[in-house]
Amino acid sequence: MSQHFFALFGDPLWGPILIFCLRIVDVSLDTMRVIFLVRGKRTMAALLGFGMALVWIIAVGNAMKHLDSVWHVLGYAAGFATGNVVGITIDRAVAFGLTQLRIVSKHGGVEIAEALRERGYGATEFSGFGRDGSVEIVESVVQRAHVDEALAIVEQFDPNAFVTIEDPQVLRGGSVVSREWRVPGMLSLRKKRGL
């Protein structure tokens, strides 16, 4: 990086803005790194960690040089806070990975399982006994991008169903639907154009 770029960090206006932007980038990368790490994607987590550390060093180094400036310090803190929001938003938009749904219904479990299967999802159903008597339990593993679709099916047959959502740690065998990843905004644009 050029001397001119680093000289901008000393500027009372551009310095805080640059630190703010760099913190957004490094915290967003760190959020994604943790998500990939939890899902066992070591290579991607390592690459994101490298990028995060590189950006962080530049941001924190220049913030430390200008601790006498309230705006530089505020830019650093605000960038950290905003980076958390941006990282979580990216995670929700990408919806990478799988999710296990457990649905407990008093009366619609069989219908929910059949509807999930009709849409191509795997579903395992069994009976149980809850606080208020007999229940039907359905378990399904779906792509995180498809959770809303699966929940809409549950809502259709039993709006009062008890639903838990977890990230499975190990998967072997079974049936998981693999579809195209949705791109936020593109689906609504295609519908408007009639594609």
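From the N terminus on, the elements of this chain run α-α-α-α-β-α-β-β-α-β-α, adding up to seven helices and four strands. Helices (H or I, at least four residues) and strands (E, at least two) are DSSP runs, numbered from the N terminus. The model is a predicted one: local features need pLDDT of at least 70, side-chain atom pairs count only at pLDDT 80 or more, and totals for chains, interfaces and linings use all residues. Residues are numbered from 1 along each chain as its sequence is written, and side-chain values use heavy atoms, with hydrogens and water left out.

**Exercise 1. Work out the strand order of the open sheet, and say which strands stand at the edges.**

Step 1. Start with the pairing, where two strands pair if DSSP finds at least two bridges between them. Strand E1 (residues 98-105) and E3 run antiparallel over eight bridges. For one of the partners, take Gln100, whose bridge partner in E3 is Val141.

Step 2. Now lay out the four strands: the order is E2-E3-E1-E4, with antiparallel pairing. Strands E2 (124-130) and E4 (162-166) are at the edges with a single partner strand each, so one side of each has no neighbour in the sheet. From one strand to the next, the twist averages 25°.

Step 3. Add the helices. H5 (residues 109-118) packs on the sheet, touching E1, E2 and E3, and its direction makes about 15° with that of E3. H6 (residues 147-157) lies across E1, E3 and E4, running at about 165° to E4. Contact here means heavy atoms within 4.5 Å; axes are lines fitted to C-alpha atoms, for helices over the stretch in contact, and angles run from 0 to 180 degrees between N-to-C directions.

**Exercise 2. Find the residues that touch the most other members of the largest nonpolar core.**

Step 1. Get the rule straight: a nonpolar core is a set of buried Ala, Val, Leu, Ile, Met, Phe, Trp, Tyr and Cys residues joined through side-chain atoms within 4.5 Å. Buried means under 20% relative accessible area, exposed over 50%, partly exposed in between (1.4 Å probe, protein chains only).

Step 2. The largest core has 15 residues, and Ile103, Leu116 and Val138 touch the most other members. E1, H5, E3 and H6 are the elements that give it two or more residues.

Step 3. Look at Val138 up close: leaving out residues up to four places away in sequence, its contacts include Leu101, Ile103, Ala113 and Leu116. Apart from this core lies another, of eight residues, among them Leu18, Leu22, Val55 and Ala59.

**Exercise 3. Which parts of the chain do the salt bridges Arg102-Glu139 and Lys106-Asp132 link?**

Step 1. A salt bridge is a side-chain nitrogen of Lys or Arg within 4 Å of a carboxyl oxygen of Asp or Glu. The whole structure has nine.

Step 2. Arg102 and Glu139 meet at 2.8 Å, N to O. Arg102 sits in strand E1 and Glu139 in strand E3, 37 residues apart. Arg102 is partly exposed at 27% relative accessibility, and Glu139 is partly exposed at 22%.

Step 3. For Lys106 and Asp132, the closest N and O atoms are 3.5 Å apart. Lys106 lies in the loop between E1 and H5 and Asp132 in the loop between E2 and E3, so the pair ties together parts 26 residues apart in sequence. Both residues are exposed. Finally, salt bridges that share partners join Arg102, Glu139 and Glu166 into one network.
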